[in-house]
Amino acid sequence: MTAANTHQLRVRALRHAYGPTVILDNVALRVPAGRTVALVGPSGCGKTTLLRCIAGLERAPHGRLRVGDEVWQDAGRWLPVHRRPIGYVFQEASLFAHLSVLDNLNYGVKRSARSQASQLAQAIELLGIGHLLTRKPERLSGGERQRVSIARALAVCPRLLL
């Protein structure tokens with residue numbers, strides 16, 4: 001990255017409301033590449049809404065969102081969620097009940113992409129879920145489901161993990 005682009009994620013003047021209730025008002029955030037950031041605050045303060053706006057699951061009517069040199073949102077541009085190279089781990093582990101853990105992990109992974117297969121193997125090892133690969137989600141604890149969800153988000157080699 002160039003000196004002018006030392007921050008991987010940049011959010012500026014983001015505003016979002018549900019009806020008359022303003023949830024995000026003039027939010028600014030800079031996250032350098034390779035850093036981990038936690039959003040902390042009381043229930044209803046906008047943490048999830050901010051993540052959903054960054055992911056493209058919500059479209060904020062005002063503000064600018066940029067990752068690296070790519071503008072994901074501003075006054076004249078909005079990149080849809082399917083074009084954003086992100087991994088998103090929802091609060092509730094959203095696993096497909098009819099698929100095994102391995103099949104859930106492979107969902108969305110391009111089978112021909114060696115880097116993704118390597119990334120998936122690393123995620124399985126990192127999260128200690130190798131012994132769970134043949135199980136169905138109903139046979140997992142809540143923590144195991146979350147670890148599978150995190151591994152699935154990492155398996156697509158995202159530029160940004162939310």
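**Exercise 1. Helix α4**

Which residues in α4 are buried? Then compare the helix's expected span with its end-to-end distance, and find what follows it.

*Solution.* The model is predicted.

Step 1. Use the cut-off: buried means under 20% relative accessible area. In α4 this picks out Glu144, Val148, Ser149, Ala151, Arg152, Ala153, Leu154 and Ala155.

Step 2. Check the length. α4 has 14 residues, and the expected span takes 1.5 Å times one less than that number. The result should be 20 Å, and the end C-alpha atoms are 20 Å apart, so the two agree.

Step 3. Look past the end. Cys157 follows α4, and its phi is positive, near 55°.

**Exercise 2. The nonpolar cores**

Find the residues with the most contacts inside the largest nonpolar core, and the elements that give two or more residues to this core. Then list what Ile54 touches.

*Solution.*

Step 1. The largest nonpolar core holds 20 residues. Leu9, Leu14, Ile54 and Leu160 have the most contacts inside it.

Step 2. Two or more residues come from each of β1 (7–18), β2 (21–32), α1 (47–55) and β3 (62–67).

Step 3. Take Ile54. Leaving out residues up to four places away in sequence, Ile54 touches Leu9, Val11, Leu65, Trp72, Arg84, Leu160 and Leu162.

Step 4. Another core lies apart from the largest one. This core has 15 residues, including Leu95, Leu105, Ile129 and Leu154.

**Exercise 3. The largest pocket**

Describe the largest pocket by volume, lining and residue type.

*Solution.*

Step 1. Its volume is about 760 Å³.

Step 2. The lining has 25 residues. Closest to the centre are Val37, Leu51, Leu160, Leu161 and Leu162.

Step 3. β1, β2, α1 and β7 (160–161) each give two or more residues to this lining. α1 gives the most, with 5 residues.

Step 4. Sort the lining by type: 16 nonpolar, 5 polar and 4 charged.

**Exercise 4. The second largest pocket**

Repeat the description for the second largest pocket, and name the element that gives the most to its lining.

*Solution.*

Step 1. This pocket holds about 400 Å³ of space.

Step 2. Its lining has 18 residues. Nearest the centre lie Ile86, Gly87, Tyr88, Phe90 and Ala153.

Step 3. β6 (86–87) and α4 (142–155) are the elements that give two or more residues. α4 gives the most, with 3 residues.

Step 4. By type, the lining splits into 11 nonpolar, 4 polar and 3 charged residues.

Step 5. Link back to Exercise 1. Ala153 is buried in α4, and Ala153 is also among the residues nearest this pocket's centre.

Conventions
Residues are numbered from 1 along each chain as its sequence is written. This is a predicted model: local features need pLDDT of at least 70, side-chain atom pairs count only at pLDDT 80 or more; totals for chains, interfaces and linings use all residues. Side-chain values use heavy atoms; hydrogens and water are left out. A nonpolar core is a set of buried Ala, Val, Leu, Ile, Met, Phe, Trp, Tyr and Cys residues joined through side-chain atoms within 4.5 Å. Buried means under 20% relative accessible area, exposed over 50%, partly exposed in between (1.4 Å probe, protein chains only). Helices (H or I, at least four residues) and strands (E, at least two) are DSSP runs, numbered from the N terminus. Contact means heavy atoms within 4.5 Å. On a 1 Å grid over the protein atoms alone, a cavity is a set of points where a 1.4 Å probe fits but cannot get out, and a pocket is an open set with protein on both sides within 12 Å along at least five of seven lines; lining residues have an atom within 4 Å of a point. Grid points are joined across faces, edges and corners, and a volume is the space filled by probe spheres set on the points. Ala, Val, Leu, Ile, Met, Phe, Trp, Tyr, Cys and Pro count as nonpolar, Asp, Glu, Lys and Arg as charged, and the others, Gly among them, as polar.
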